[in-house]
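Trainee: I am new to this structure and would like to find my way around it. Could we walk through it together, one question at a time?

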Amino acid sequence: MDEVTSDLSRVFLGLTVDCSSCHNGAGHTDTVNLWLTDKRRSDFHQQSAIFGNLRLTASGGFQNGAPTFDDGAPGYNTADDGAYYTPSEMRFPRDGRTYEPAFLLTGETPAPGENPRKFFGRVAPQHIQFARAAVNIIWKKLMAVGLVEPYDGFDLLRLDPNNPPPEPWTIQPTNPELLEALAEDFRTNNFSVKRMIRTIMKSNAYQLDTSFEGEWVDAYIPYHARKFARILTGPEAVDIVAQATDTSATFEMEQYGESQRYVKELTNPANTRTNRNPENREVFAFMQAYYQTERALPPADKSRASPVQAMMMMGSPVITSRVDARGETRVASLVNSNKTDDEIIEELVLSSMSRLPTVDELVLGKRFIAEKGRRDGVEAIQWVLLNSTEFLLNH
Amino acid sequence: MRKRIGDLTRRDLLKLFGVGVGASLAGQVASPRKVRAAQGSRVTPRGSARNCIVIQNGGAPSPWETFDFKETKWTADDLDIQRVNSEVVLSKTLFPRAHETWAPRASFVRSMRGGALVHFPAQYHQQAGRALNTAIVREVPALGSVVASELDSERRESDTFPTFVSLDLWNIRCAPLGSGMLHPRFAGLDLNTTSVFDAFGGDGPESNSKLAERWEALNRWSEVSNPGGNDRFGPKNEEYQASYDYGIEVLLDPRFKTALNLTDEEKTRYGVDVDGGNTKLGLGMLLARNLLAADAGTRMLWVANGYNGRNGVFDNHSGLYKRGVPASAQAQPIYTSVPRFDLAFSALVEDLLAMPGHEPGKTMLDETLIVVTQEFGRTPEMNSAGGRDHFGPLFTNVFLGGGVQEGRVIGKTDGTGENLIETGWQHREQPMMDHVTSTIYSALGIDYSKVFEDTPSGRVFELQQTAPLGGPAFIPRTEIHELFV
């Protein structure tokens, strides 16, 4: 249950509370997080007690199917770590007491007879921090840099410019007023993710180009003075390649007996790993380069380019088979069509970049076809497009 | 009060750590620059090995049938126990080749203690070299990444392969950790033996020339497409370019293709064909050998024995001695899992013995520390399902090569494996993975008493952790010195 508290706090409240899973904040987190410094280990235990009745009843785990829960467990007792968990080196020994549920942010407790999980579902979204954490994640997804970084490192005593923290602490969000306004908007509009995405996407900040006139200075980052490109996620990388090359069915993926064409359609992208179709292991290996692993892995910074990604993009069958004129690919249909070189290059650039080629690109593309022959030339252009910065950085 | 990392602007951070902004836009990554030796305990690393291979057995094999054999009422009578030396016996049934290959050259640490008793944190402890601390997990690099970072200054002009390469780490419960607070280039290359041959093996020189041609086309396209350079894509561009420059160097290096070129004969010797399709361990060890032979910069290798994934092949909670378990099962009886290990490991040790080292007169085995690590032990008593459950207090790790003496047995357990009789080294406390970590550092010439001070969290990072998690006893800062003397 301590792990559930840790994950829920991180994802839904933007808070990393693991420190207090071992010890009180005072004397430990003073230089890390002001809010956490006031928290006690018992606060953490009470939050964990909200899920003290939770029981996983169906085996199979999160990876391979839908887990089933009920509320049949007797409650949260810190003496009960289960046979395999005692002793654990993950946390300092606990005090062996029973704790009653209370919401970490407000101290509220369930109404008499209220299911503690339902209680949490009722009170957590009412708290503005739930909305702040959510809009910050959406902002980060779209803008590459969150208003609060890291997304799960909120310090609740450093958010209000009208109530600033003591020196030398500073206000944490890069734009506290904007964060608050977005959060309020999210909460008052029934937590509509679609509306939030639309709001951010229509903003001047989102609409900016990745290019920047004048000399770029890193101190401009918090001001979003340009659009920041980011590294793709594993499923994004596989799916956009499939889309660009018109090969979404090349690595057919199954889920609950139905075939899916895109990784994004799977409940868990890691399902490709155990899929019966051996070709899907290639997809899994490919996504692995983009940090797509099982969910048990502690979160890492997934927006980092790595040489393995480059190697996969250049050499993996996920790419090479999809630029092959001998397969069922866009390249094949173009090579075998009556289209002119200009038309072929236009279609390739349009389907990969969502824009038409420049004059210079057309000239160079035609030169490739002249130098290498129609088949190799068209294959090379498709490969080049997939490996170009423009294609691979989300921008 | 000094300024805290959390209060610094991104620009300050960059000044402080000197990393390109490409390393991360999120401010999470910053390579520590302030490094000091731990107070009063600066050590002189041994430097007895040039390379290291860690073989991580997924699922924790039973010590009592394998590296610390115990004859009890549960022991099967067909194990054919044969002596290796005065203190070591091994089952000939389970280890058909060990007596002639690796076992006489190995040393055994039988007083190992495991901290975590479930697979994920235990595997994390192995890979990170320290216990899982969820509060700072994101900044903690893999042990292999620390090695890559520490040995970075020794890389030669001709080195193209990453210093740290792992084989099939993706296939065990705790997947690759990455480089944490260290620069992403130290993250390590995890090769997936299911796909690496198709992806990068190619069909000889022809595929390389095709790739070279396409690479050239990519550069020409890039010039035309972005006449002013790729700066218009912002801070991530530099990182992206660097990763491609690095990646293409490896792919076009003929030594990489050579390393991926395996013959049927050697595959058979490594047991790759023993159980149709589930042969990652043999492939992993073969690739480890080849990557060392390539002498192209890889010095830290990590072979994960994950078999069918999940908890691993040795997770024998039931049917330890059972016959006829399908090859697709997660855990295998020891009659299957241990000989598979022995076949591959014997071939690896034989090959490293036959390969010349860097220094004249030395073999590759002389220069390569090999460590076989387990997550924890298994219960001395068998359970009602004919299996053994997780057991933290005692298990055995195996060491050889890289300056390790032959035939040392460190630590002693009682007749059933229930109790420790002696730790066998200079300390009262039992050795843990943390000491395996410092032993690896020391052998590779890395001062394990070093401390990184400028971590993103502000909490100092000891190369060998001494602060305990989950208990009151501090972990002695030491290598397992007794292996080398």
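Trainee: At what angle do helix 16 and helix 17 of chain A pack?

Mentor: Happy to start there, and please keep in mind that this is a predicted model. Helix 16 covers residues 341–353 of chain A and helix 17 covers residues 359–372. Their axes are 10 Å apart, and the packing angle is about 115°.

Trainee: Are these two helices roughly parallel or roughly perpendicular to each other?

Mentor: Angles from 65 to 115 degrees count as roughly perpendicular. The two axes meet at about 115°. Helix 16 of chain A passes helix 17 of chain A in a right-handed crossing. The angle therefore makes helix 16 and helix 17 of chain A roughly perpendicular.

Trainee: How many of the residues in that contact are charged?

Mentor: From helix 16 of chain A come A:Asp341, A:Asp342, A:Ile345 and A:Val349, and they meet A:Glu361, A:Leu362, A:Gly365, A:Lys366 and A:Ile369 of helix 17 of chain A. By class, this contact of helix 16 with helix 17 of chain A has four nonpolar residues, one polar, and the number of charged ones is four.

Trainee: Is A:Ser354 buried or exposed?

Mentor: A:Ser354 sits in the loop between helix 16 and helix 17 of chain A. Its phi is positive, about 60°, although A:Ser354 is not a glycine. A residue with 12 or fewer other C-beta atoms within 10 Å counts as exposed. A:Ser354 has 10 such atoms, so it is exposed.

Trainee: Which residue of chain B, other than a glycine, has a positive phi near 50°?

Mentor: Look in the loop between strand 8 (300–305) and helix 10 (334–354) of chain B, where B:Tyr307 is found. This residue has 30 C-beta neighbours inside 10 Å and counts as buried. The residue with phi near 50° is B:Tyr307.

Trainee: Are helix 9 and helix 10 of chain B roughly parallel or oblique to each other?

Mentor: Helix 9 of chain B spans residues 280–294, and its axis comes within 9 Å of the axis of helix 10 of chain B. The two cross at roughly 10°. Angles under 35 degrees count as roughly parallel. Helix 9 and helix 10 of chain B are therefore roughly parallel.

Trainee: How many nonpolar residues does the contact of helix 9 with helix 10 of chain B have?

Mentor: Helix 9 of chain B brings B:Leu281, B:Gly282, B:Met285 and B:Arg289, while helix 10 of chain B brings residues including B:Phe341, B:Ala344 and B:Phe345. In the contact of these two helices, one residue is polar and three are charged, and the nonpolar residues number seven.

Trainee: Back in chain A, how do helix 6 and helix 8 lie: oblique or roughly parallel?

Mentor: Helix 6 and helix 8 (residues 193–201) of chain A pack at about 50°, with their axes 10 Å apart. That angle makes helix 6 of chain A oblique to helix 8 of chain A.

Trainee: How many residues in the contact of helix 6 with helix 8 of chain A are nonpolar?

Mentor: The crossing of these two helices of chain A is right-handed. A:Val135, A:Ile138, A:Trp139 and A:Leu142 of helix 6 meet A:Val193, A:Met196, A:Ile197, A:Ile200 and A:Met201 of helix 8. With no polar and no charged residues in this contact of helix 6 with helix 8 of chain A, the nonpolar count is nine.

Trainee: Which residue follows A:Glu167 through a cis peptide bond?

Mentor: The loop between helix 6 and helix 7 of chain A is the place to look for A:Pro168. A:Pro150 is found in the loop between helix 6 (128–143) and helix 7 (176–188) of chain A, and the bond from A:Glu149 to A:Pro150 is cis, with omega near -10°. The bond after A:Glu167 is cis with omega near 0°, and it leads to A:Pro168.

Trainee: Which residue of chain B does A:Ser211 touch?

Mentor: A:Ser211 lies in the loop between helix 9 (204–207) and strand 3 (230–231) of chain A. With 15 other C-beta atoms within 10 Å, A:Ser211 is partly exposed. Leaving aside residues up to four places away in sequence, A:Ser211 touches A:Arg226 and, in chain B, B:Arg232.

Notes: Residues numbered from 1 in each chain as written. Chains lettered and ligands numbered in written order. Predicted model: local features only at pLDDT ≥ 70, side-chain atom pairs only at ≥ 80, totals over all residues. Axes fitted to C-alpha atoms, helices over the stretch in contact; angles between N-to-C directions. Helix = DSSP H or I, 4+ residues; strand = E, 2+ residues; numbered from the N terminus. Parallel < 35°, antiparallel > 145°, perpendicular 65-115°, else oblique. Left-handed = near helix turned anticlockwise from the far one by under 90°. Contact = placed C-beta atoms within 7 Å. Nonpolar A, V, L, I, M, F, W, Y, C, P; charged D, E, K, R; others polar. Buried ≥ 20, exposed ≤ 12 C-beta atoms within 10 Å, placed from the backbone.
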